[in-house]
Amino acid sequence: MDFLLSGLAACGACVFTNPLEVVKTRMQLQGELQAPGSYQRHYRNVFHAFITIGKVDGPAALQKGLVPALIYQFLMNGIRLGTYGLAEAGGYLCTAEGTLSPPRSAAAGALAGVLGAYLGSPIYMVKTHLQAQAASAIAVGHQYKHQGMFQALTQIGQKHGLVGLWRGSLGGLPRVVVGSSAQLCTFSSTKDLISQWEVFPSQSWKVALVAAMVSGIVVVLAMTPFDVASTRLYNQPTDGGGKGLMYRGILDALLQTARTEGIWGMYKGIGASYFRLGPHTILSLFFWDQLRSLYSKYTK
């Protein structure tokens, strides 16, 4: 049940934040491996990107990749939050004195995130391809011509096999390790501190909301460079054998980005990342915490 509740919580958040994921993906691919000022900026900021995509591609384009996004969120976060919840309920994250151990919490969050992200990697890759697809007037990054999620998965599987479906999965793991450990560790630690300080009444929904807000800020700052590199790894063109033509791996992607676009190139789309990751973190952790509380209440 923990896995089911976790997956449902993440899907609930995804419906609201997917348009920001579309904007974030395109801003991260804009000016890929080009020096600042040497390319046309189709998307000047988050709000301009929303207007541009809605005007050129149509309002429906802001929900591109929603189906694979929902499936990925259910798989990845169902496994991630569910596994973490079981570890928390089993007392594995606490010290001998009964207080929460931040190192254990971070390690559990990272391990749970790796498992979920690796299994859901093919879905995430296709989601990235679909969200990057745009009219030629505002296209950024490599343009795949997928007709939908199932067609894309079938085509990649037939052309490149299982290796092709999991292309970029190892490069995407550092993003999840950093993000997941930062998210779950700060969420649990902040929630624990607020409860100890008795800022809000016991079992109040405000405890989870404030803890999720703090967690969202930490996640965005820690995760964005790895998120940029991961998006580019998944979206890069491939040769006949399914091997990427632009990057050899996550480290190569980070180094090439920093070398050609500067340090700020690694933080492209940070505004969209904040507006997306912040609310998504808040909503998913809030829904997760509330669903678990309701389940506990009605199963006693």
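In this predicted model, Leu-29 touches Ala-132, Val-140, Gly-141, Thr-231, Arg-232 and Asn-235, apart from any residues up to four places away in sequence. Leu-29 itself belongs to helix H1, which covers residues 2-29. Its relative accessibility is 1%, and because the limit for a buried residue is under 20%, Leu-29 counts as buried. A further spatial relation links Leu-29 to Val-228: the two residues are 199 positions apart in sequence, yet their C-alpha atoms are 7.9 Å apart in space.

Two of the partners of Leu-29 lead on to the packing of helices H5 and H8. Ala-132 of H5 and Thr-231 of H8 are among the residues that form the contact between these helices. Helix H8 comprises residues 205-235, and its axis lies 9 Å from that of H5, at an angle of about 85°. Since angles of 65 to 115 degrees count as roughly perpendicular, H5 and H8 are described as roughly perpendicular to each other. On the H5 side the contact is made by Ser-121, Tyr-124, Met-125, Thr-128, His-129 and Ala-132, and on the H8 side by Asp-227, Ser-230, Thr-231, Tyr-234 and Asn-235. Sorted by class, the residues of this contact comprise four nonpolar, six polar and one charged.

Helix H5 spans residues 121-132 and also contains Lys-127. Is this lysine buried or exposed? With a relative accessibility of 3%, Lys-127 is classed as buried. Once neighbours within four places in sequence are set aside, Lys-127 is in contact with Glu-21, Gly-65, Pro-68 and Ala-69.

The path continues to Ser-169, which touches both Ser-121 and Tyr-234, as well as Tyr-118, when residues up to four places away in sequence are not counted. Ser-169 lies in helix H7, a helix of residues 169-197. The relative accessible area of Ser-169 is 5%, and the residue is therefore buried, the limit being under 20%. Its side chain also reaches the backbone oxygen of Trp-166, at 2.7 Å.

Helix H7 in turn packs against helix H4, which consists of residues 102-119; the two axes come within 7 Å and cross at roughly 140°. Why are these helices called oblique rather than roughly antiparallel? The class of roughly antiparallel is kept for angles over 145 degrees, so H4 and H7, crossing at roughly 140°, are oblique to each other. The crossing of H4 with H7 is right-handed. From H4, the contact draws on Pro-102, Ser-105, Ala-106, Gly-109, Ala-110, Gly-113, Val-114, Ala-117 and Tyr-118. From H7, the residues involved are Ser-169, Leu-170, Leu-173, Val-176, Val-177, Ser-180, Ser-181, Leu-184, Cys-185, Ser-188 and Ser-189. By class, twelve of the residues in the contact of H4 with H7 are nonpolar, eight are polar and none is charged.

Within this contact, Ala-106 offers an individual view from the side of H4. Leaving aside neighbours within four places in sequence, Ala-106 is in contact with Ser-181 and Cys-185, both of which are among the H7 residues of the contact. The relative accessible area of Ala-106 is 22%, and this residue is therefore partly exposed. Its C-alpha atom is separated by 14 Å from that of Met-223, a residue 117 positions away along the chain.

Terms used:
Residues are numbered from 1 along each chain as its sequence is written. This is a predicted model: local features need pLDDT of at least 70, side-chain atom pairs count only at pLDDT 80 or more; totals for chains, interfaces and linings use all residues. Side-chain values use heavy atoms; hydrogens and water are left out. Helices (H or I, at least four residues) and strands (E, at least two) are DSSP runs, numbered from the N terminus. Buried means under 20% relative accessible area, exposed over 50%, partly exposed in between (1.4 Å probe, protein chains only). A polar contact is a pair of N or O atoms within 3.5 Å; within protein, one must be able to donate a hydrogen and the other to accept it, and residues adjacent in sequence count only if both atoms are side-chain atoms. Contact means heavy atoms within 4.5 Å. Axes are lines fitted to C-alpha atoms, for helices over the stretch in contact, and angles run from 0 to 180 degrees between N-to-C directions. Angles under 35 degrees count as roughly parallel, over 145 as roughly antiparallel, 65 to 115 as roughly perpendicular and the rest as oblique. A crossing is left-handed if the near helix is turned anticlockwise from the far one by less than a right angle, and right-handed if clockwise. Ala, Val, Leu, Ile, Met, Phe, Trp, Tyr, Cys and Pro count as nonpolar, Asp, Glu, Lys and Arg as charged, and the others, Gly among them, as polar.
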